[in-house]
Amino acid sequence: MSAPATLKATSRTMVIDGNEAAAWGAALSRPDVVAVYPITPQSSLVEYLAKFIAEGKMDAELMDVEGEHSVLSVLHGACLAGGRTYSATSAQGLAYMFEPYFRTPGLRLPMVVSLVTRDSVTPCCVWGGQQDAMTVKEVGWIQMYCETQQEICDSIPIAYKVAEHADVMLPVNVCHDGNYLSYGVARVDLPEQEVVDAFLGEKNVNWHACLDPERPMAVDPLTGGAGGIGPSTFVRYRKGQCAGMAAALDVIVAAHEDWGRRTGRYWSPLIEDYRMEDAEVALVTIGSMTGAAKDAVDDARLDGRKVGLVKIKTFRPFPAKVIAKALSKVKAVGVVDRAVNFGWNCGPVFQEVLAALYANPTRVPLISFIGGLAGADITPEHFGRAIADTVRVAAGETMSSPIWLNEFDQ
Amino acid sequence: MSIAFDTIAFRAPKCDGCGECMKACSAVKQGASRISIVPGASAGAFEMALCRQCGDPKCVMVCPAGALTKNGASGVIDWSADKCVDCLLCTSGCAYGAISADPVGGRVIKCDQCGGDPACVSACPSGALEWGGAGSIYNRFGEMEDMFVPGLAGCQGCNSELIMRHVMRRVGRNSVLATPPGCIPGMGSVGYNGKTGTKVPVFHPLLTNTASMLAGIRRYYDKVGRKDIVVMALAGDGGTVDCGFHAVSGAAERGEKILYVCVDNEGYMNTGMQRSGATPYGSWTSTTPVGDKLKGKTQDAKNMPMIMVAHRAAYVATASTAYMEELYDKLDRAIEASFKGFSYLHIYSPCPTGWRVASNKVIEACRMSVESNFVTLWEYTPEAGLRFTRSPDRPIPVVDYARTIGKYRHLDADQLAHIQAKVDEQVALLKRLAGEVATAPAALAAAPARTSTPDGAATPPLRHETFRP
């Protein structure tokens with residue numbers, strides 16, 4: 001379900017870009033410690049945070065550190081000491097952050113870090129794309145992809161609710177597309193602080209592992225070895241991490257539902273079905289591209305083609321069952337990615353959907369579209385082509401995949 | 001429980017036989033000197049005869065009058081003029097020639113340590129005599145809780161284990177301890193498979209992010225008003241000067257209020273003795289091996305404490321376990337400074353396994369490193385500048401130190417000359433920073449025992465304004 005069509009302007013209605021929407025979402029969640037380091041296209045987001053703290057709008061420790069590796073490292077310390085933590089990064093910053101990033105889910109630290117998604121080097125590029133976030137999809141962070149500025153603002157408190165849930169205790173990346181959402185301006189209704197406070201409740205982020213002289217413990221002793229209790233201890237940690245991920249699916253649904261009751265904005269928690277009731281072919285999209293894709297679906301419907309769309313919001317954990325169900329009645333699926341899976345010569349979302357559909361009794365053809373790399377626009381015309389190609393595949397035609405939507409843009 | 005006592009220590013290599021100690025003793029005691037400096041077995045060497053204040057004193061045993069007694073509070077063998085019958089049996093009972101008859105008065109004379117402030121030590125111009133406060137340290141800290149379990153799996157003679165235990169005894173329970181990958185967690189401080197070797201909150205940061213993680217902990221505790229917790233690292237040199245450098249530098253630049261103790265064993269000893277940026281020139285390591293073409297490390301060590309001075313950290317000091325009283329003094333100041341800003345304590349830690357030093361020679365290696373100026377002991381604050389805490393004057397040659405260390409066994413004359421030149425250069429730089437006149441390196445090596453003018457009057461060193469970057 002999307003945002004309701006009728007929105008009433010209030011004193012907290014603003015016209016802002018996605019980075020400011022994220023900063024407001026973070027501020028309303030009252031983190032204790034915020035660590036920042038600038039990187040395009042995230043920079044204005046951390047500038048807003050610094051400004052909010054400077055102006056007293058936000059009561060958080062601001063840590064301007066020397067790089068993304070330390071951004072996440074100081075947050076590890078703050079979180080283990082008991083603090084709620086927030087940061088944001090992109091592309092090269094995420095790459096530089098990778099060492100502590102890899103460690104965060106294993107420590108079960110319930111942080112929220114926005115990824116302002118971007119393509120990266122090489123070829124050198126500072127423009128939008130989702131290659132950064134998609135490259136770290138197996139690390140163990142929850143990933144939610146936003147479609148609009150309002151959804152960014154709302155999804156950050158929702159992310160804390162999910163991360164800090166006792167059954168989950170995992171970090172969350174709230175992803176929004178660089179350029180299109182980071183700099184694109186739209187109307188955002190800020191939730192009331194009391195609403196967010198009541199929604200989030202008391203924080204308790206280090207009940208499981210802490211660095212506190214009042215509760216002395218050794219955090220992260222070495223495990224493993226050739227046999228016995230070492231490897232089996234490690235196995236139980238890993239299994240617990242997977243259990244937390246699996247539990248997150250229901251928690252994400254419940255948190256979105258709870259948010260909807262409190263704010264009137266019911267965002268689709270895992271996937272959103274758009275005109276899928278009688279659809280014969282479907283597009284699968286993720287992130288901000290979805291708006292243009294929906295327009296293209298509407299145009300196709302006007303032409304009498306039974307086309308629907310499934311948008312993925314939660315990519316990690318992957319909602320395989322609901323996706324398999326949503327696509328169980330179509331004759332072909334076209335998956336549009338803003339990133340590349342080099343190993344399989346397709347888009348990463350395509351590969352995931354392909355795997356999910358294996359559970360369905362009927363095999364349907366899938367086609368991978370890759371567009372929007374390096375800041376390229378995926379226009380309704382591009383989606384029109386994707387729909388036309390998917391219809392042809394549904395009719396039995398075979399096509400070479402992936403199809404690079406922007407390959408011949410001038 | 002036994003009690004340890006402070007004592008007068010004699011560093012024979014530093015003694016040039018000037019006799020100032022005897023003159024001072026004689027003056028204070030209004031009679032013959034209780035301390036004797038006598039020519040040693042080899043030319044130019046001297047030995048000392050002085051009461052050892054023995055724990056099992058023969059003089060006391062042979063005294064028929066009960067005039068000699070072991071003082072349980074001070075440790076001194078007290079002599080009672082009232083009880084003494086002047087039989088002088090004690091003078092023949094002492095194996096050290098340290099109790100004798102006054103040639104003038106004829107009565108027994110012996111050292112009473114001047115009540116804890118011995119005149120001979122104050123008078124010694126060469127640093128050969130020192131008042132050793134180790135006994136006081138033992139008494140003060142022996143009662144404090146050891147924050148590590150017995151049986152950590154350090155190598156025999158491990159100096160780092162000594163450092164860990166002493167530092168954490170002093171810091172106490174109200175602390176959070178980071179031990180990045182290396183020997184310190186490797187010997188079991190963080191622990192294995194759910195068991196820990198430490199009684200305070202302890203964790204492995206990444207090798208690369210120790211100072212950052214600690215900064216986050218400190219900021220949160222400060223924010224919630226828990227400002228009295230010592231937030232600290234016991235980190236190796238690799239994680240400090242190499243891959244963790246950015247985090248240390250960033251934390252120092254921001255003035256993060258943490259105590260960062262670098263335990264410098266000059267390389268990656270835990271992973272099999274590879275070179276680090278702190279490994280000195282010429283060292284054999286497993287990645288700077290010695291063969292026909294390569295003869296150990298070809299670069300000099302990065303000087304991390306000086307880099308911390310350049311950051312204007314709230315406190316920077318170097319320390320050595322050969323001088324525990326000084327280490328404890330610096331630890332006190334380092335802890336205090338860690339509540340105000342970035343506090344950095346660099347402790348040199350010879351590794352018996354990786355350096356090829358016998359486990360019973362580790363402290364000797366520590367001492368000779370300082371005596372040769374290979375290691376200099378100093379401290380710095382932005383307010384007071386840099387000052388030496390042990391004089392670098394009258395060093396022993398670096399080659400004497402290098403000979404005690406197996407990893408330098410292969411060094412040829414050119415390599416040794418390189419090391420000596422770098423040591424001299426380093427001391428000259430430190431002297432300039434400390435506001436002392438730097439002697440030219442070549443002249444330094446050839447400097448006379450004491451600076452003197454032609455007429456023999458001692459010349460005090462000129463002092464400039466103390467270094468304040």
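This report walks through two interfaces and one buried helix in a predicted model.

**Where chain A meets chain B**

Let's start with the contact between the two chains. Chain A brings 41 residues to it, and chain B brings 37. Together the chains bury about 3,000 Å², with carbon and sulfur atoms accounting for 59% of that area. On the chain A side, A:Leu211, A:Pro213 and A:Leu222 supply 19% of the area that chain A buries against chain B, more than any other three residues.

The polar side of this interface is worth a look too. Six salt bridges are counted between chain A and chain B. One pairing to find in the viewer is A:Asp59 with B:Lys223, a salt bridge whose closest N and O atoms are 3.5 Å apart. Across the same interface there are 19 residue pairs in polar contact, both partners having pLDDT 80 or more.

Which elements of chain A supply at least two residues each to the side that touches chain B? They are strand 3, helix 3, helix 5 (98–103), strand 9 (218–219) and helix 9 (229–263) of chain A. Helix 3 of chain A gives the largest share, nine residues. Sorted by class, the chain A side holds 20 nonpolar, ten polar and eleven charged residues.

**Two domains within chain B**

Now to chain B on its own. The domain assignment splits chain B into domain 1 (7–137) and domain 2 (145–445). Their C-alpha centres lie 37 Å apart. Twelve residues of domain 1 of chain B are in contact with nine residues of domain 2 of chain B. The area buried between these domains is about 850 Å², and carbon and sulfur atoms give 50% of it. From domain 1 of chain B, the residues that lose the most area to domain 2 are B:Arg11, B:Lys14 and B:Ile137, which together make up 58% of what that side buries.

Two salt bridges are counted between the domains of chain B. The side chains of B:Arg394 and B:Asp16 meet in a salt bridge with an N to O distance of 3.5 Å. Two residue pairs are in polar contact across this domain interface, both partners having pLDDT 80 or more. Strand 8 (129–132) and helix 5 (134–141) of chain B are the elements that give two or more residues to the domain 1 side. Of these, strand 8 of chain B gives the most, with three residues. By class, the domain 1 side has five nonpolar, three polar and four charged residues.

Here are the two interfaces in a small table.

| Interface | Buried area | Share on carbon and sulfur atoms |
|---|---|---|
| Chain A and chain B | about 3,000 Å² | 59% |
| Domain 1 and domain 2 of chain B | about 850 Å² | 50% |

**A buried helix in chain B**

Why is helix 10 (residues 245–254) of chain B described as largely enclosed by the rest of the structure? Seven of its ten residues are buried, so the surroundings largely enclose this helix. The buried residues are B:Ala247, B:Val248, B:Ser249, B:Gly250, B:Ala251, B:Ala252 and B:Arg254.

The cover over these buried residues comes from both chains. From chain A, it includes strand 3 (61–64) and helix 3 (68–81). From chain B, it includes helix 8 (210–223), helix 9 (237–241), strand 12 (259–264) and helix 11 (304–310). Just after helix 10 of chain B comes B:Gly255, which has a positive phi near 70°.

Technical notes
Residues numbered from 1 in each chain as written. Chains lettered and ligands numbered in written order. Heavy atoms only, no water. Domains from an automatic or database assignment. Contact = heavy atoms within 4.5 Å. Buried area = accessible area lost by both parts, 1.4 Å probe. Salt bridge = Lys/Arg side-chain N within 4 Å of Asp/Glu carboxyl O. Polar contact = N/O pair within 3.5 Å; in protein donor to acceptor, adjacent residues only side chain to side chain. Helix = DSSP H or I, 4+ residues; strand = E, 2+ residues; numbered from the N terminus. Nonpolar A, V, L, I, M, F, W, Y, C, P; charged D, E, K, R; others polar. Buried < 20%, exposed > 50% of the residue type's maximum accessible area, 1.4 Å probe, protein only.
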